[in-house]
Amino acid sequence: MMEENSTTVLAYLNENCKQIFTKIFSGKRISVEECLILYNEASLSALGVAANFVREQKNKRFVYFNKNIHIEPTNICIHNCVFCSYARKKNEEDSWELSVDEIANSISSNCTDSITEFHIVGGVHPERKLDFYVELLTTLKLAYPEVHIKAFTAVEIEFMAIASRCSFEEALTALQNAGLNSMPGGGAEIFDEELRKKICPSKTNSDNWLKIHETAHNLNIPTTATMLYGHIESYEQRVNHLMRLRNVQDKTGGFQAFIPLKYKKENNPLGLSTEVSWVEVLRNFAVSRIFLDNINHIKAYWPMIGKDLAQISLDFGVDDFDGTINDSTKIYSMAGAEDTNPSMTQEQMVALIKEARKVPVERDSVYNTISFF
Ligand code: V47
Ligand code: SF4
């Protein structure tokens, strides 16, 4: 139903946008063509009002966060994605590969009682097959039975299946039996094979990424989805990416959140001289919120864009801040992220959200409420 205070924004729009915004305020799904018009023509302030309308319909004024740590077993990777500042080849000076015991020990020094999630993602190590990751999950589940394990991108899963000569379903089932609870959304980049040839030539293709997530959903493994933007992609390619996610979500309902990841330019071979502006980051959050009407949550990954911009994004469709992280990830600091040692206490997280006049909610990894603030 159209809300009165939302209709005033229509007066400021061109004819193209007016019709699309009328649809949005009536709770109707927008088309691919309409999404492209929003990207090309809609102003930041109008997008903010519309995205906030959709966000409040879905999530009221709540902003979700969890208490998590990231675990990065290795930065050795068979792939050569040109936007990546993190991967190294074996024996390169600053490569690392932690054994299961070393990972378990590193967690015990970083894990407090209140941590509810381990987020495990790393490079695709050429010698590590499915059995290594099954052993890792089994060991962690035994030591921390209450902690939710969100682990491995579709790119890692694809390699485990190929290296161990099994199907995606068999690999995912083995991981699930060893303790995998959900999967993160990395590796999606942009679903366009021509573009992938330029930015991530050897990596999992779009069809396989989507197939692995669909297979996970069918096994009751929820996942998230990402989009790496702000490099050499076009708006058409962004819209196509969003459409393919929306189509899978119509079938499975298994994507819990969508996380747009802004390309960071430091220390990677792509070597672009600029990054997209704050305005573009906010417009992209807003368009994603409006178009992905079947994905409940839009996440701002604050270590990547910084706390200030993440806070502002809460008025542009974002309702999720990921977690407190405890300075446990290097992926973005190596690419020049705003926060070089990302960590936020619960108090800082709550204050940031309240200052934006939203309601902080600590959640578990599948969006059950742990506490309101
Ligand atoms: O797939 C790599 C991206 C992703 C750069 O699921 C870069 O909740 C920007 O997917 N600039 C991995 N981005 C991280 C990821 C993620 C992060 C937080 C939460 C969740 C979740 C998932 O990071 C990669 C790639 O798209 N990435 N290099 C870079 N220079
Ligand atoms: Fe490897 Fe991931 Fe970096 Fe690509 S983005 S090179 S798959 S670690």
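Is Lys23 buried, exposed or partly exposed? In this predicted model, Lys23 comes out as partly exposed, with a relative accessible area of 25%. Its side chain meets that of Glu34 in a salt bridge, at 2.9 Å from N to O. Glu34, for its part, is buried, at a relative accessible area of 17%. Lys23 belongs to helix H2 (residues 15-25) and Glu34 to helix H3 (residues 32-41), so this pair ties together parts that are 11 residues apart in sequence. As background, side chains of opposite charge can pair when their charged atoms come close.

That pair is a handy way into the rest of the charge pairing. The count of salt bridges comes to 21. Another of them joins the side chains of Glu233 and Arg238, with 3.0 Å between N and O. Here Glu233 is buried, at 12% relative accessibility, and Arg238 is buried too, at 4%. This pair doesn't stand alone: Glu233, Arg238, Glu280 and Arg283 are linked in a network of salt bridges.

Next comes the pairing of Glu275 with Lys262, whose closest N and O atoms are 3.7 Å apart. Glu275 lies in the loop between S5 and helix H12 (278-291), while Lys262 lies in strand S5, so the bridge ties together parts that are 13 residues apart in sequence. As for how open the two ends are, Glu275 is partly exposed, with a relative accessible area of 24%, whereas Lys262 counts as buried at 8%.

Strand S5 leads straight to the sheet. What is the strand order in this open sheet of 3 strands? The order is S4-S5-S6, and the pairing is parallel. Strands S4 (223-229) and S6 (297-298) stand at the edges with a single partner strand each, so one side of each has no neighbour in the sheet. Helix H10 (residues 206-218) packs on this sheet and touches both S4 and S5, and its direction makes about 160 degrees with that of S4.

The two pairings can be followed bridge by bridge. S4 and S5 run parallel and are joined by 7 bridges; within this pairing, Thr226 stands opposite Ile259 in S5. On the other side, S5 (residues 255-262) pairs with S6, also in the parallel sense, over 2 bridges. There, Ala257 has His297 in S6 as its bridge partner.

Being at the edge of the sheet doesn't leave S4 out in the open. In S4, 7 of the 7 residues are buried, so the strand is largely enclosed by the rest of the structure. Thr223, Ala225, Met227 and Tyr229 point one way from the strand, and Thr224, Thr226 and Leu228 point the other way, all of them buried.

Back in the loop between S5 and H12, Asn268 is worth a look. At 8% relative accessibility, Asn268 counts as buried. Setting aside neighbours within four places in sequence, Asn268 is in contact with Val82, Phe83, Cys84, Ser85 and Tyr263. Among these contacts are Phe83 and Cys84, and Phe83 and Cys84 turn up again in the surroundings of ligand 2.

Which residues surround ligand 2? The shell is made up of Cys77, His79, Cys81, Phe83, Cys84, Tyr86, Ala87 and Lys203. By residue class, the shell divides into 6 nonpolar, 1 polar and 1 charged.

Two further residues show how stretches of chain that are separated in sequence are placed in space. Asn110 is found in helix H5 (residues 100-110) and is partly exposed, with a relative accessible area of 25%. Asn110 and His70 are 40 residues apart in sequence, and their C-alpha atoms are 10.0 Å apart in space. Glu355 has its place in helix H15 (residues 346-355) and, at 55% relative accessibility, counts as exposed. The C-alpha atoms of Glu355 and Gln311 are separated by 8.5 Å, with the two positions 44 residues apart along the chain.

Methods. Residues are numbered from 1 along each chain as its sequence is written. Chains are lettered from A and ligands numbered from 1 in the order in which they are written. This is a predicted model: local features need pLDDT of at least 70, side-chain atom pairs count only at pLDDT 80 or more; totals for chains, interfaces and linings use all residues. Side-chain values use heavy atoms; hydrogens and water are left out. A residue is near a molecule or strand if one of its heavy atoms lies within 4 Å of it. Ala, Val, Leu, Ile, Met, Phe, Trp, Tyr, Cys and Pro count as nonpolar, Asp, Glu, Lys and Arg as charged, and the others, Gly among them, as polar. Two strands pair if DSSP finds at least two bridges between them. Helices (H or I, at least four residues) and strands (E, at least two) are DSSP runs, numbered from the N terminus. Contact means heavy atoms within 4.5 Å. Axes are lines fitted to C-alpha atoms, for helices over the stretch in contact, and angles run from 0 to 180 degrees between N-to-C directions. A salt bridge is a side-chain nitrogen of Lys or Arg within 4 Å of a carboxyl oxygen of Asp or Glu. Buried means under 20% relative accessible area, exposed over 50%, partly exposed in between (1.4 Å probe, protein chains only).
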